[in-house]
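Let's walk through a protein model together, one stop at a time. Keep the picture at hand and find each place as we reach it.

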Amino acid sequence: MGRPCGPVAGSPRCRFPRTGTAPPGPELERFRLYDAVDRAITAIAGGEPLVLILDDLHWSDKASLLLLRHLLRSPTPAPILFLGTYRETDLARTHPLAEMLGDFRRAPSFLHVHLGGLSADDTASFIDAWASHETPASFAEAVHAATEGNPFFIQEVLRHLAETDVFVRQEDGWVTAAAIEDMGIPEGIREVIGRRLSHLSEDANAALSAASVFGRDFDLGPLEGVAGLPAERLLLALEEARAAGLVDEGSAIGSYRFSHALVGRPSTRN
């Protein structure tokens with residue numbers, strides 16, 4: 001999201017006009033701080049295009065997001081683009097960013113871009129760059145199938161394969177000593193999935209553990225027989241997992257699918 005562009009109110013050495021009316025009461029100090037940050041960023045831009053990259057906004061607290069909203073609403077014209085990234089799967093409904101995204105979307109300059117996984121060809125290019133050597137097409141296809149093009153997962157899988165001597169470098173390039181399907185879950189991926197599972201209730205974790213036995217796709221009927229949860233609690237648990245981005249509803253009524261093949265692997269929970 002960018003701020004309105006136009007003549008800047010002065011040079012870095014000039015005094016900028018206040019960017020709003022200061023509220024009375026205990027919020028005055030916070031307003032002064034946010035206003036000072038706004039002036040500083042505008043001064044840094046100095047009339048030239050400026051891009052501010054805010055990575056991992058899903059880790060941000062409410063105070064930081066209030067500052068971001070203050071900056072986006074600044075009446076001082078400046079050619080500033082705010083580029084923020086966040087993982088939707090790590091964004092609970094109660095997270096302050098989830099609440100504030102509604103405000104951001106109402107701004108005419110707001111643009112939301114959803115990033116999916118890499119294509120099979122891009123995955124092959126990623127592996128070639130990582131290995132500094134062209135790798136067999138069958139290996140790149142296997143990695144893409146296992147990771148679904150998620151760049152972080154690709155990197156963790158490659159590192160894991162190298163550390164466990166499954167992916168071995170020889171004079172004529174890299175070779176695989178075993179099938180990718182037979183490898184365990186890389187620790188980095190296990191930690192990421194584990195963090196997401198830790199935010200779920202006991203019922204949701206129990207439901208997902210039981211569902212992983214059926215594979216990536218599972219149906220509500222058979223799951224009821226092994227999950228050990230009453231039907232109503234099981235439905236609530238699956239809805240919680242769906243809201244967390246861990247499962248998706250299938251095309252048929254009562255059918256579900258893990259959002260990623262690695263999430264549905266039973267070994268992820270070991």
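Is Glu148 buried, partly exposed or exposed? Keep in mind as you look that this is a predicted model. Glu148 has a relative accessibility of 28%, and because buried means under 20% and exposed means over 50%, Glu148 counts as partly exposed.

Now look for the partner of Glu148. Its side chain meets the side chain of Arg216 in a salt bridge, with 2.2 Å from N to O. This pair links distant parts of the chain, 68 residues apart. Glu148 sits in the loop between helix 5 (137-147) and helix 6 (151-163), while Arg216 sits in the loop between helix 8 (202-211) and strand 5 (217-219). Arg216 is partly exposed too, at 22% relative accessibility. Here is the general idea behind such pairs: side chains of opposite charge can pair when their charged atoms come close.

How many salt bridges does the structure hold? There are nine, and we can visit two others. In one of them, the side chains of Arg69 and Asp103 meet at 3.1 Å, N to O. Again the pair links distant parts of the chain, with Arg69 in helix 2 (residues 62-72) and Asp103 in helix 3 (residues 96-105), 34 residues apart. Arg69 is partly exposed, with a relative accessible area of 23%, and Asp103 is also partly exposed, at 23%. These two residues belong to a network of salt bridges that links Arg69, Asp103 and Arg106.

The other example stays within one helix. Arg242 forms a salt bridge with Glu239, and their closest N and O atoms are 2.7 Å apart. Both residues lie in helix 10 (residues 231-243), three residues apart, which is about one turn of the helix. The general rule is that an α-helix has 3.6 residues a turn, so residues three or four places apart point the same way. Arg242 is partly exposed, with a relative accessible area of 31%, and Glu239 is partly exposed with a relative accessible area of 31%.

Next, turn to helix 1 (residues 28-45). How far apart are its end C-alpha atoms? They are 26 Å apart, which agrees with the 26 Å that its 18 residues should span at 1.5 Å a residue. Several residues of helix 1 are buried, among them Phe31, Tyr34, Ile41 and Ala45. The buried residues of this helix are covered by parts that include strand 1 (50-54), helix 2 and strand 2 (80-84). Just after helix 1 comes Gly46, whose phi is positive, near 55°.

Two buried residues round off the tour. Thr123 has its place in helix 4 (residues 120-131), and it counts as buried because its relative accessibility is 0%. Which residues are in contact with Thr123, leaving aside neighbours within four places in sequence? They are Leu118, Ala140, Val143, His144, Gly149 and Ile154.

Our last stop is Ser255, which lies in strand 7 (residues 255-258). Ser255 is buried, with a relative accessible area of 12%. Not counting residues up to four places away in sequence, Ser255 touches Phe218, Asp219, Asp248, Glu249 and Gly250. A polar atom of the Ser255 side chain also lies 2.6 Å from the backbone oxygen of Ala252.

Key
Residues are numbered from 1 along each chain as its sequence is written. This is a predicted model: local features need pLDDT of at least 70, side-chain atom pairs count only at pLDDT 80 or more; totals for chains, interfaces and linings use all residues. Side-chain values use heavy atoms; hydrogens and water are left out. Helices (H or I, at least four residues) and strands (E, at least two) are DSSP runs, numbered from the N terminus. Buried means under 20% relative accessible area, exposed over 50%, partly exposed in between (1.4 Å probe, protein chains only). A polar contact is a pair of N or O atoms within 3.5 Å; within protein, one must be able to donate a hydrogen and the other to accept it, and residues adjacent in sequence count only if both atoms are side-chain atoms. Contact means heavy atoms within 4.5 Å. A salt bridge is a side-chain nitrogen of Lys or Arg within 4 Å of a carboxyl oxygen of Asp or Glu. The expected span of a helix is 1.5 Å times one less than its number of residues.
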